[in-house]
Amino acid sequence: MKHYPAEFKADAVALYRSRPGATINSVATDLRVDTGTLRNWIRVVDGRRSGTSA
């Protein structure tokens, strides 16, 4: 399993959110990460924003 730095994860989520109409798949492909991995990072960030633990 590959380990990604927290900054890379945060930047990946920010990139996804900054591209209107972008899909998780397209951003993951651009960054060369697995689609499920990027999806999980987004869920973690969303959990932090809502105040829930993720």
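Which residue takes a positive phi just after H2? Arg32 does, at about 60 degrees. Arg32 is a residue other than glycine, and its place is in the loop between H2 and H3. Helices here are DSSP runs of H or I with at least four residues, numbered from the N terminus.

Before going further, a word on the model. It is predicted, so local features need pLDDT of at least 70 and side-chain atom pairs count only at pLDDT 80 or more, while totals for chains, interfaces and linings use all residues. Residues are numbered from 1 along each chain as its sequence is written, and side-chain values use heavy atoms, with hydrogens and water left out.

**Exposed residues**

Two residues can be set side by side. Exposed means over 50% relative accessible area, buried under 20% and partly exposed in between, with a 1.4 Å probe and protein chains only.

| Residue | Place | Relative accessible area |
|---|---|---|
| Arg32 | loop between H2 and H3 | 78% |
| Lys2 | segment before H1 | 62% |

Lys2 also gives a handy distance check: its C-alpha atom is separated by 17 Å from that of Ile42, 40 residues apart along the chain.

**The nonpolar core**

In soluble globular proteins, nonpolar side chains tend to be buried together. The largest nonpolar core here holds 11 residues, among them Tyr4, Ile24, Leu38, Trp41 and Ile42. Such a core is a set of buried Ala, Val, Leu, Ile, Met, Phe, Trp, Tyr and Cys residues joined through side-chain atoms within 4.5 Å. At least two residues of this core come from each of H1 (6-18), H2 (24-31) and H3 (35-50), and H3 supplies the largest share, four residues.

Within H2, the buried residues are Ile24, Val27 and Ala28. They lie on the same side of H2 because they cover an arc of only 100 degrees around the axis, taken from the directions from the helix axis to the C-beta atoms.

Ile24 touches Tyr16, Thr35, Leu38, Arg39 and Ile42, leaving aside residues up to four places away in sequence. Contact means heavy atoms within 4.5 Å.

**How H1 and H2 pack**

The axes of H1 and H2 are 10 Å apart, and the two helices pack at an angle of about 135 degrees. Axes are lines fitted to C-alpha atoms over the stretch in contact, and angles run from 0 to 180 degrees between N-to-C directions. H1 and H2 are therefore oblique to each other; angles under 35 degrees count as roughly parallel, over 145 as roughly antiparallel, 65 to 115 as roughly perpendicular and the rest as oblique. At their interface, Phe8, Ala12, Leu15 and Tyr16 in H1 meet Ile24, Val27 and Leu31 in H2.
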